[in-house]
Amino acid sequence: MDKVNVGLIGLGTVGSGVAKMLLTRREFLARRAGIPLALRRVCVRHPRRNRSVHVDERLVTGNPRNILQDPDIQVVVELVGGIHPAKEIILEAIKNGKSVVTANKALLAHHGEELFRAASRKGVDFYFEASVAAGIPIIKSLREALIGNDIEVLYGILNGTTNFILTEMARGDGRSFQSALKEAQDRGYAERNPSLDLRGIDSAHKLAILVLLAFGKTVRPGQIYAEGIREITANDVRYAHDFGCTIKLLGIAKRDGEELEVRVHPTLLPNSHPLSSVSGVHNAVSVKGDLVGDLVLYGQGAGRLPTTSAVIADLVDVARNLKYGSPQRVPPPLPVKRIRRLRRIGEIEGRYYFRFSCIDRPGVLSRIARILGAHRISIASVLQKDRRREHIVPVVMMTHDAKERDVEEALAEIDRLPAVRRKSVSIRMERG
Ligand code: NDP
Ligand code: HSE
């Protein structure tokens, strides 16, 4: 084999970065891979559209079959996104004996096991580094560098868009949620449907992929408790700061024997926690393995260049495997039977931040405290903000360890008090 021919499907934010590197870093990549990587064909939905990268129009097609059925193409890079037709594209590529590189976390979270089994049966490579935390090599770390470890806990800031928005909200210059989201979209961080980012679904997709690699368990996205950042206000960010904490949208997976809890939600982190200072589009993943101990990987979690970095690394791995006749040197991940039960969100226990919106009237705070006490929730500290008699004021508190189910019941009861005027907000805390 004198070169590896690549078929690229998708030429958007990520695809255009990948095409540009394949076209402009030919010799550099050939030296690094030990074999040239040639961009043989590119498929897009709108072949005539003007692009930020110049690709010879003879290479461009609107029909994926022109890539999938080309016997000279050894690797298909899927950068279309979404479930359909990405799934069919990948399955056909595998059926035709081509290795696959993808960044499609939604697809892998929903159908990863089926796709990995298909690749495994066919004996082709399946690489997906860019699907989680873009530029951070967390997939390679879990698949290779940490393979001898029994993983106990994994925490991740796994979404660049929401971390960018939370960071902008913390700046304190009154920047609105909408304007921060618009900037994240303009920079190419957000999903085509940004509610996937905002509702924690994109983080849940990524967490599902990490859980398969770290704990050998296929977890369907619907089994992951996911809560987004829509309810978080700039005031919550400020009040958290007053308690010495930062709010982050965290993906959390913790193993306790044969049980696993897997969840995504806004989380208060003490400012001493290594993930609390991860700002802007940066992501970070913290892993605790029984051999390596605590390990944190940090880098840009979205955007053209960091994602291109991950896709190119995968392409070089595939090219090396093809050159040396060793496809599946690193096999596609498949589940192992170890985790027997997923814990439900109601079973978790920890500290909580509460924000109540109530009328500033004598006795209200003591009624709230009584209800919390009746549900075995003890208060660690209270801040009453912006006192204005007979107005609605926020009362914020931190609790000691409490059970999620008790918290749910207590807040439902508190929200029925006439003096409580808006739905109460609770944010879980992690000490790490
Ligand atoms: P874009 O929406 O920017 O690009 C999608 C590309 O796919 C476009 O070029 C589009 O063609 C093409 N396309 C869409 N449907 C078809 C189809 N049916 N047949 C052929 N081509 C099609 O997406 P991104 O580049 O942002 O994302 C690509 C993937 O990478 C997604 O899975 C995403 O989740 C993932 N990802 C994105 C990151 C980011 O920071 N943006 C980071 C990490 C992962 P046309 O241009 O003609 O419309
Ligand atoms: N929309 C995703 C994010 C892209 O903001 O993290 C990277 O996966």
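**Questions on two ligands and their protein**

Analyst: Glu 191 places a polar side-chain atom 3.0 Å from an oxygen atom of ligand 1. The model is a predicted one, in which local features need pLDDT of at least 70 and side-chain atom pairs count only at pLDDT 80 or more, while totals for chains, interfaces and linings use all residues; side-chain values use heavy atoms, without hydrogens and water. Residues are numbered from 1 along each chain as its sequence is written, chains are lettered from A and ligands are numbered from 1, in the order in which they are written.

User: Why is the pair formed by Glu 191 and ligand 1 called a polar contact?

Analyst: A polar contact is a pair of N or O atoms within 3.5 Å (within protein, one must be able to donate a hydrogen and the other to accept it, and residues adjacent in sequence count only if both atoms are side-chain atoms). The pair at Glu 191 is 3.0 Å apart, so it qualifies. Backbone atoms also take part: an oxygen atom of ligand 1 is 3.1 Å from a polar backbone atom of Gly 12, and one is 3.0 Å from a polar backbone atom of Thr 13. The protein buries 88% of the 910 Å² that ligand 1 exposes when taken alone (areas by the Shrake-Rupley method with a 1.4 Å probe; for residues, only the protein chains shown count as cover).

User: How many residues surround ligand 1, and what makes a residue count?

Analyst: A residue counts if one of its heavy atoms lies within 4 Å of the molecule. By that rule 25 residues surround ligand 1, and the closest are Leu 11, Val 14, His 46, Arg 51 and Gly 303. They divide into 10 nonpolar, nine polar and six charged (nonpolar are Ala, Val, Leu, Ile, Met, Phe, Trp, Tyr, Cys and Pro; charged are Asp, Glu, Lys and Arg; the others, Gly among them, are polar).

User: Which atoms of Asn 159, Gly 160 and Tyr 189 approach ligand 2?

Analyst: At Asn 159 a side-chain N or O atom is 3.4 Å from an oxygen atom of ligand 2. At Gly 160 a backbone N or O atom is 2.7 Å from an oxygen atom of the ligand, and at Tyr 189 a polar backbone atom is 2.7 Å from a nitrogen atom of ligand 2. Alone, ligand 2 exposes 260 Å², of which the protein buries 92%. Its shell consists of three nonpolar, four polar and five charged residues. Helix 7 (160–170) and helix 10 (201–215) each contribute at least two of them.

User: What makes an element a helix or a strand, and how many of each are there?

Analyst: Both are DSSP runs numbered from the N terminus: helices are H or I with at least four residues, strands are E with at least two. The protein has 14 helices and 18 strands. Its radius of gyration is 24 Å, close to the 22 Å of the globule rule for 432 residues, so the protein is as compact as a globular protein of that length (the radius is taken over C-alpha atoms, and the rule is 2.2 Å times the number of residues to the power 0.38).

User: Why is His 375 called buried?

Analyst: Buried means under 20% relative accessible area, exposed over 50%, and partly exposed in between (1.4 Å probe, protein chains only). His 375 has 12%, so it is buried. It lies in the loop between helix 13 (364–374) and strand 15 (379–384). Leaving out residues up to four places away in sequence, His 375 touches Asp 406, Glu 409, Ala 410 and Glu 413, where contact means heavy atoms within 4.5 Å. Buried residues make up 54% of the 432 residues.

User: How do you know that Cys 245 is buried?

Analyst: Its relative accessible area is 3%, so Cys 245 meets the limit for buried. Cys 245 is part of strand 9 (residues 245–256). Beyond four places in sequence, its contacts include Leu 268, Pro 270 and Met 429.

User: What makes the backbone at Ala 133 and Pro 85 notable against the general pattern?

Analyst: Most residues other than glycine have a negative phi, and most peptide bonds are trans. Phi of Ala 133 is positive, near 60°, and Ala 133 is buried at 1% relative accessible area. Ala 134 likewise has a positive phi, near 40°. The bond from His 84 to Pro 85 is cis, with omega near 5°. Pro 85 lies in the loop between strand 4 (75–78) and helix 4 (86–95).
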